Amino acid sequence: MKQILVKNTDDLGRIAADIFESEIKNKPDLLLGLATGSTPLPLYRELINRYETGVIDFSGIRTVNLDEYVGLPRAHVQSYRYFMDDNLFNHVNIDKANTHVPDGMADDPAAECMRYDALIDSLGGIDLQLLGVGYNGHLGFNEPDDVFSANTQVIKLTDSTIQANSRFFENADEVPKLAITMGIKQIMLAKKIVLVAGTEKKDIMNKAMNGDISPLIPASVLQLHRDATIVRVE
Ligand code: F6R
């Protein structure tokens, strides 16, 4: 794992955007794996800025998001589909038909998980995967567990994640208890990975990067990836 330490979140956005820009210029129909949450926001702002100034063209870009809450319709302000439209897709020249987020309202969530993995495969696999990391080391919503969860699946959010995400809801009771998350397999099959982390994730990132590779700290699996870059605020 390569680590780039930056001074603040603006620098985090710029450095991560430099990587995105160069990958998009190399392959204008890139399949991007995307994340939600607070940490990627400076990156998304910078990508919008580079689109507005004519530096990045999103017209050929395709995207797959990591996760979605079960039970939230796409128009819900806390759904991850809404987040992506609001924070990136509505502001750049991407074709929304080429943007994919798991369907949290699917009648059969297990079938939706299989559809999502097949979709990623049919799109040729992820070229560049953006990740954040949970305080407990989760990737997407792959929570600490006894085993790495390979495929896209429905998972039960841990109390720690529900508490962390309750800041976006009226209270913790409003946070959905289930989510669909891309599994570790698709993440690890991504050709390139960029993980962004704020200063508040220092402890867990130290464990993930320097400790044992263990499903109890899902982000530790990135030690096995051949092209993973951590962009972290010191
Ligand atoms: C969200 C996701 C999560 C977040 C993580 C960190 O799509 O995949 O793993 O990246 O919970 O969230 P923030 O950036 O809000 O601290």
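This report describes the sheet, the helices packed on it and the largest pocket of a predicted model.

**Sheet**

Seven strands form an open sheet with parallel pairing, in the order 1-10-9-6-2-3-5. Strand 1 (2-6) and strand 5 (99-100) are at the edges; each has a single partner strand, so one side of each has no neighbour in the sheet. Within the sheet, strand 2 (residues 31-34) pairs with strand 3 (residues 62-65) over four bridges in the parallel sense. In this pair L34 is opposite N65 of strand 3.

**Helices on the sheet**

Helix 7 (residues 202-210) packs on the sheet, and helix 1 lies across several of its strands, as tabulated here.

| Helix | Strands | Angle |
|---|---|---|
| Helix 1 | strand 1, strand 2, strand 6 (128-131), strand 9 (192-197), strand 10 (228-233) | about 170 degrees to strand 9 |
| Helix 7 | strand 1, strand 9, strand 10 | about 155 degrees with strand 10 |

**Largest pocket**

The volume of the largest pocket is about 680 Å³. Its lining comprises 39 residues, of which T36, G37, S38, N165 and R167 are the closest to the pocket centre. Sorted by class, the lining contains 16 nonpolar, 18 polar and five charged residues.

Several elements contribute at least two lining residues each: helix 1 (9-26), strand 4 (67-69), helix 3 (80-87) and helix 5 (159-165). Helix 3 gives the largest share, with five residues. Helix 1 thus appears in two settings: helix 1 lies across strands of the sheet, and helix 1 also supplies residues to the lining of the largest pocket.

Methods:
Residues numbered from 1 in each chain as written. Predicted model: local features only at pLDDT ≥ 70, side-chain atom pairs only at ≥ 80, totals over all residues. Heavy atoms only, no water. 1 Å grid on protein atoms, 1.4 Å probe; cavity = no way out; pocket = protein on both sides within 12 Å on 5 of 7 lines; lining within 4 Å. Points joined across faces, edges and corners; volume = space filled by probe spheres on them. Nonpolar A, V, L, I, M, F, W, Y, C, P; charged D, E, K, R; others polar. Pairing = 2+ DSSP bridges. Contact = heavy atoms within 4.5 Å. Axes fitted to C-alpha atoms, helices over the stretch in contact; angles between N-to-C directions.
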